Amino acid sequence: MQKKIVLDYAKAHIDVTDNVQITLDNVFIVWFCKTLQNWKALVSTTLPDGMYYEVTYNGDKKEVYLDAYKKFENRKIDEFPY
């Protein structure tokens, strides 16, 4: 279910001029956690768009939420104070 949610979102937001196709084979779950009736999945795709997705299920309300993020930077911190 998590992969399908991200697939549908990605398909809806792909620029048509990029001429890119995406299937469930291009979507993967990076991390998944379930606690009681709730769960969260961190999901990504093989698209070179830098997008990152969180799919969250609130079991109390029986609602699913999608958060879509774009990675801007990954840098090494040389002086970690802890």
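Exposed, as used in these legends, means a relative accessible area over 50%, whereas buried means under 20% and partly exposed lies in between. The model shown is predicted. A search of the whole structure finds four salt bridges, and three of them are presented below, one in each view.

**View 1. A salt bridge between E73 and R75 joins two exposed residues.** The closest N and O atoms of E73 and R75 are 2.8 Å apart. E73 has a relative accessible area of 52%, and because this value is over 50%, E73 counts as exposed. R75, with a relative accessible area of 56%, is exposed as well.

**View 2. K4 and D8 form a salt bridge within helix α1.** In this pair, the closest N and O atoms lie 2.7 Å apart. Helix α1 comprises residues 2-13, and K4 and D8 are four residues apart in it, so about one helical turn separates them. K4 is partly exposed, its relative accessible area being 43%. D8 is likewise partly exposed, at 38%.

**View 3. A salt bridge connects the side chains of E54 and K40.** The N to O distance in this salt bridge is 3.3 Å. The pair links distant parts of the chain: E54 belongs to strand β3 (residues 51-58) and K40 to strand β2 (residues 38-45), and the two residues are 14 residues apart. E54 has a relative accessible area of 17% and is buried. K40, by contrast, counts as partly exposed, with a relative accessibility of 27%.

Definitions and conventions. Residues numbered from 1 in each chain as written. Predicted model: local features only at pLDDT ≥ 70, side-chain atom pairs only at ≥ 80, totals over all residues. Heavy atoms only, no water. Buried < 20%, exposed > 50% of the residue type's maximum accessible area, 1.4 Å probe, protein only.
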